[in-house]
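Please examine the following model before turning to the discussion.

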Amino acid sequence: MLFIPAFFVICSNGVNLIGGFNGCEAGMGIVYLGSLAILSLLEKNFISILPLVAIFSLLSFLRFNWYKAKILPGDSLTYLLGAILANTAIVGNLEKAASILLFPFVVEFFLKMRSEFKASCLGKLRKDGTLEAPYDKIYSLTHVVMKAGGFREKEVTLTLISFELLIAALSFLLVFSGVV
């Protein structure tokens with residue numbers, strides 16, 4: 001009885017932690033919801049319609065949210081994406097796969113916890129258009145990317161989406177190998 005509300009809170013708040021970059025929330029959402037949609041389709045589970053509807057909505061939204069964004073998602077979209085993630089995982093019996101897909105957000109949680117949740121994901125804009133991490137310490141996955149050096153906002157977003165794609169591939173590997 002406690003698992004379901006806790007999982008919804010973890011998913012909704014976790015997905016909300018990484019954000020602020022044009023296309024990041026929607027792009028990562030397409031990846032993790034796409035992974036759950038594929039897994040639920042392979043299981044012949046009716047819940048696949050929920051992430052599929054969300055993905056097509058996100059693709060439409062991404063057209064206006066990609067760099068330079070005309071529309072920003074805010075907390076309302078990220079909380080919704082987390083709720084869709086949790087709902088799909090629970091109803092589709094894909095909790096283990098969803099837990100793997102949440103890995104970047106779990107890492108982000110612990111990085112933000114180091115700053116007592118006061119650090120921002122955003123960076124300082126340099127004259128050449130690249131971003132500089134705003135702190136000496138790393139308090140976000142975005143800071144890891146920025147400290148790697150010379151990345152513009154679009155490249156930080158693409159790096160985070162690529163990281164989520166890597167985690168999605170790992171979740172498929174673990175699910176199909178029978179590990180989870």
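The exchange below concerns helix packing, a polar side chain and the cysteines.

Author: This is a predicted model, in which local features need pLDDT of at least 70, side-chain atom pairs count only at pLDDT 80 or more, and totals for chains, interfaces and linings use all residues. Residues are numbered from 1 along each chain as its sequence is written, and side-chain values use heavy atoms, with hydrogens and water left out.

Reader: How are helix 2 and helix 4 oriented to each other?

Author: Helices are DSSP runs (H or I, at least four residues), numbered from the N terminus. The axes, lines fitted to C-alpha atoms over the stretch in contact, with angles from 0 to 180 degrees between N-to-C directions, come within 10 Å for helix 2 (residues 24-42) and helix 4 (residues 74-91) and cross at roughly 10 degrees. Angles under 35 degrees count as roughly parallel, so helix 2 and helix 4 are roughly parallel.

Reader: Is Asn 65 buried or exposed, and which backbone nitrogen lies 3.0 Å from a polar atom of its side chain?

Author: Asn 65, found in helix 3 (residues 49-65), has a relative accessible area of 1% and is therefore buried (under 20%, 1.4 Å probe, protein chains only). The backbone nitrogen in question belongs to Gly 23.

Reader: Why does Cys 24 form no bond with Cys 121?

Author: A disulfide is a pair of cysteine sulfur atoms within 2.5 Å, and by this rule the count comes to zero. Cys 121 holds the sulfur closest to that of Cys 24, yet the pair is too far apart for a bond because the separation is 8.1 Å.

Note on methods. Helices (H or I, at least four residues) and strands (E, at least two) are DSSP runs, numbered from the N terminus. Angles under 35 degrees count as roughly parallel, over 145 as roughly antiparallel, 65 to 115 as roughly perpendicular and the rest as oblique. Buried means under 20% relative accessible area, exposed over 50%, partly exposed in between (1.4 Å probe, protein chains only). A polar contact is a pair of N or O atoms within 3.5 Å; within protein, one must be able to donate a hydrogen and the other to accept it, and residues adjacent in sequence count only if both atoms are side-chain atoms.
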